[in-house]
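Thanks for coming. I will take a few minutes on disulfides and then turn to one helix. Please have the sequence and the structure open.

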Amino acid sequence: MANFMQTTGIFFLICLFHQTEQRVFLSSENANNIMQRSKRDNFIMIEELRQGNLERECLEEVCSYEEARETFENKEKTNKFWSTYYGGRQCSSNPCMNGVCIDTIRSYTCRCSEGYKGTNCQFGGRQCSSNPCMNNGVCIDTIRSYTCSCSDGYKGNNCQFAPNECHLDADDGCQHFCEPRYGLDFYSCSCASGYRLGEDEKSCHPADPYACGQLLNDENITFSRPHDNHTHAFPWQVLLLNAEGKPFCSGVILLQSLVLTTAKCSNQHRPSFILVGNDNPENMQKIKVASYHVHTKYCTDTGENNIALLKLQGNITFHKHILPICIPQKDFAENVLNPRVPGTVSGWQIPSEEESLGSMPIHFSATETDRGTCELALNVTQTNRMFCGISDRNIDSELADGSHFAVEYNGAWFLTGIMGSINPESRKPNVFLFTKISRYIMWFIQANS
């Protein structure tokens, strides 16, 4: 009986297994209908029963790439959506001020640099860790920066300036010239010719009504465009005349009996007269040249030391339309004026057909350029006695020798360069070569003694 029951049970299990096999193992067609979509995300079995929905699956919840693909059912559209949905371009605006930006799903996080805090790493910092404050100054960290509390007498952002040193960025520095007083705890100021030092021992005030570098005209002088022939001459600008009375070069007034021009103008043309105040017949003065002094080391081939002084037979009568220009000290010219302040070039254009110069000079703005640009533009060798000025305007015609470069600083005009001619084939319409006045201060004194 027991054996019969065992045999019957086994037979029943075999039949049951056979029926179950038929239900589990479907045909390939039926199987594909079930497996055509992969399992969706995180709502247990209900997600498996819903059709793909962008708002439900990717906006109300955080979806996976596969869920997005199910919604669009197009790879290109899916990738376009995914590039902005996940790890989009939130970091493209560089929101992390002092850290590294990491894109996340629909947002970003900032990995801050050491010492910085905040959502955008905007707070704190350790700029003082590099000890930027000099001369025993105390460093104080601020948001994205630092400040220095300087020891007595020291100044500057980093307390780098000693009380006896001159520095360019001082708000309370010298109006004109500064002279350091090493070994002492102060510096001293001085002024250009014709000015007196103020009670504060820093400001400069005209001691002479015709002190150098002033523009005292009644009308307001506005420098015109380079090709406008109706400009005013600077009050220190003169024309050089040959024996026939024709103008051929330019120059500038240094003293009542002294005019500066180029060596080439003096050697080749031998000026006989100077003409001042030529922009107004009522102010015009024609004075004979007594002698001229050319720099002994002038080189015609290179243009080195292209400078000369004209001594006049009589004195120029100064008034508000005729004045001298200021001569800067060497350090002041080379450390303050030339590299930092845009200047003005002024001179007469050389006509293409006429032999003499035009009646009015032209003015245009220019700045000192670097040596490489100068040499490449003009095919010259620039020495430490020369500099190039570059303008944003093109000057079609050549300027006469003796044209000058002047810089206005704190209300006074200083002469920084005198122009000599160069090879016409090398001439550029916006680059000009000048002899650097600051290298000849002692020569002026010796030549006029």
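Is the disulfide of Cys 374 and Cys 388 left-handed or right-handed, and what is the torsion about its S-S bond? The torsion is about 45°, so this disulfide is right-handed. Helix H9, residues 371-378, holds Cys 374, while Cys 388 sits in strand E19, so the link ties together parts 14 residues apart in sequence. Before I go further, note that this is a predicted model. The sulfur atoms of Cys 374 and Cys 388 are 2.0 Å apart. As for accessibility, Cys 374 comes out at 0% relative accessibility and counts as buried. Cys 388 is likewise at 0% and buried.

The structure holds nine disulfides, and I will cover two others.

One of them joins Cys 96 to Cys 110, with an S to S distance of 1.9 Å. The angle about this S-S bond is -85°, and the link of Cys 96 and Cys 110 is left-handed. Distant parts of the chain are linked here: Cys 96 is in the loop between helix H6 (75-85) and strand E1 (99-104), and Cys 110 is in strand E2 (residues 107-112), 14 residues apart. Cys 96 is buried, its relative accessible area being 8%. Cys 110 has 18% relative accessibility; the cut-off for buried is under 20%, so Cys 110 still counts as buried.

Next, Cys 191 and Cys 204, whose sulfur atoms are 2.1 Å apart, form a disulfide. Its torsion about the S-S bond is about -90°, so this disulfide is left-handed. Cys 191 lies in the loop between strand E8 (186-190) and strand E9 (195-197), and Cys 204 lies in strand E10 (residues 204-206), 13 residues apart. Both Cys 191 and Cys 204 are buried.

For contrast in accessibility, Cys 299 is at 26% and counts as partly exposed.

Now the helix. Which residues of helix H8, residues 330-340, are buried? They are Phe 332, Ala 333, Val 336, Leu 337 and Asn 338. These cover an arc of only 160° around the axis, which puts them on the same side of H8. The general background is that an α-helix has 3.6 residues a turn, so residues three or four places apart point the same way. Asp 331 and Pro 339, on the other side of H8, are exposed.

What covers the buried residues of H8? The cover includes strand E7 (177-181), strand E18 (362-369), strand E19 (386-390), strand E20 (404-409) and strand E21 (412-419). Strand E19 is also where Cys 388 sits, which takes us back to the opening disulfide.

How values were computed. Residues numbered from 1 in each chain as written. Predicted model: local features only at pLDDT ≥ 70, side-chain atom pairs only at ≥ 80, totals over all residues. Heavy atoms only, no water. Buried < 20%, exposed > 50% of the residue type's maximum accessible area, 1.4 Å probe, protein only. Helix = DSSP H or I, 4+ residues; strand = E, 2+ residues; numbered from the N terminus. Arc of directions from axis to C-beta. Contact = heavy atoms within 4.5 Å. Disulfide = S-S within 2.5 Å.
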